[in-house]
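Subject: Structure handover and findings

Dear colleague,

I am handing over the structure we spoke about, with the sequence alongside. Please keep it open while you read, as the notes refer to it throughout.

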Amino acid sequence: QVQLVESGGGLVQAGGSLRLSCAASGRTFSSYTMGWFRQAPGKEREFVAAIIGSGINTYYADSVKGRFTISKDNAKNTVHLQMNSLKPEDTAVYYCAKAGAYCSAYGCSRTAMYDYWGQGTQVTVSS
């Protein structure tokens, strides 16, 4: 059983920054592939970013590429999402998730790839 707890959400003006964190339980966190997803009201949950176990490989949705950065601290069992140049369309509940198996590129963007999810943290970007 893996528990994921997100933090760091809040209200920010357009152009601002936020850093989300996700603390994970589990003794083999360094091997986990972790992802961030988001869900806006009335919309489906969508992929934001993923990072493979060691942290060398990362993947991003086109909508956040160049603005968001995912990172992983294996010593602290934590994954972060640094969000810069935020836009009102980034407003959503953000979830971190652990992949159930190895994935890459497109595979990591599929919600079905992930077997554990956090409770979510709200990010609101005002215009």
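What follows is an account of the sheet, the aromatic rings, the charged side chains and a few single residues.

Please bear in mind that this is a predicted model, and that the values below are computed from it.

**The sheet**

Four strands make up an open sheet, in which the order is S1-S3-S8-S7 and the pairing is antiparallel. Its edges are formed by strand S1 (4-7) and strand S7 (68-73), each of which pairs on one side only, and from one strand to the next the twist averages 15°. Within this sheet, strand S3 (residues 18-24) and strand S8 (residues 78-83) run antiparallel and are joined by six bridges; if you would like a place to begin looking along them, Ala-23 stands opposite Thr-78 in S8.

**Aromatic rings**

A search of the whole structure gives five aromatic pairs, of which I describe two here. In one of them, Phe-37 and Phe-47 meet edge-to-face, with 5.7 Å from centre to centre and 70° between the planes. Because Phe-37 belongs to strand S4 (residues 34-39) and Phe-47 to strand S5 (residues 46-51), this pair ties together parts that are ten residues apart in sequence. Phe-37 and Phe-47 are both buried.

Phe-37 also pairs with Tyr-114: the ring centres are 5.0 Å apart and the planes stand at 80°, so this pair is edge-to-face. It links distant parts of the chain, since Phe-37 is in strand S4 and Tyr-114 in strand S10 (residues 114-117), 77 residues apart. As for accessibility, Phe-37 has a relative value of 0% and therefore counts as buried, while Tyr-114, at 6%, counts as buried too. Taken together, ring pairs connect Phe-37, Phe-47, Tyr-114 and Trp-117 into a cluster.

Two charged side chains are placed over rings as well. The charged end of Arg-45 sits over the ring of Tyr-95, 3.7 Å from the centre of that ring, and the charged end of Lys-72 sits over the ring of Phe-29, 4.4 Å from its centre.

**Salt bridges**

Which residues are joined into one network by salt bridges that share partners? Before the answer, the individual pairs are worth setting out, from the five salt bridges that a search of the whole structure finds.

One of these brings together the side chains of Asp-90 and Arg-38, at 2.9 Å from N to O. Asp-90 lies in the loop between S8 and strand S9 (92-99), whereas Arg-38 lies in strand S4, so the pair ties together parts that are 52 residues apart in sequence. Both of these residues, Asp-90 and Arg-38, are buried.

Asp-90 has a further salt bridge with Arg-67, in which the closest N and O atoms are 2.8 Å apart. This pair again links distant parts of the chain, with Arg-67 in the loop between strand S6 (58-60) and S7, and Asp-90 in the loop between S8 and S9, 23 residues apart. Arg-67 and Asp-90 are buried. The network is therefore made up as follows: salt bridges that share partners join Arg-38, Glu-46, Arg-67 and Asp-90.Another salt bridge is formed by Lys-65 and Asp-62, the closest N and O atoms being 3.1 Å apart; here Asp-62 is exposed, with a relative accessible area of 65%.

**Single residues to look at**

Two residues other than glycine have a positive phi. For Asn-77, in the loop between S7 and S8, phi is near 50°. For Ser-85, which lies in the loop between S8 and S9, phi is positive at about 50° although the residue is not a glycine; with a relative accessibility of 42%, Ser-85 counts as partly exposed.

Finally, Thr-121 is found in strand S11 (residues 121-126) and is buried, with a relative accessible area of 11%. The side chain of Thr-121 reaches the backbone nitrogen of Gly-9 at 3.2 Å.

With best regards

Note on methods:
Residues are numbered from 1 along each chain as its sequence is written. Side-chain values use heavy atoms; hydrogens and water are left out. Two strands pair if DSSP finds at least two bridges between them. Axes are lines fitted to C-alpha atoms, for helices over the stretch in contact, and angles run from 0 to 180 degrees between N-to-C directions. Rings of Phe, Tyr and Trp (its six-membered ring) pair if their centres lie within 6.5 Å; planes under 30 degrees apart count as stacked, over 60 as edge-to-face and the rest as tilted. Buried means under 20% relative accessible area, exposed over 50%, partly exposed in between (1.4 Å probe, protein chains only). A charge sits over a ring if NZ of Lys or CZ of Arg is within 6 Å of the ring centre and within 35 degrees of the ring normal. A salt bridge is a side-chain nitrogen of Lys or Arg within 4 Å of a carboxyl oxygen of Asp or Glu. A polar contact is a pair of N or O atoms within 3.5 Å; within protein, one must be able to donate a hydrogen and the other to accept it, and residues adjacent in sequence count only if both atoms are side-chain atoms.
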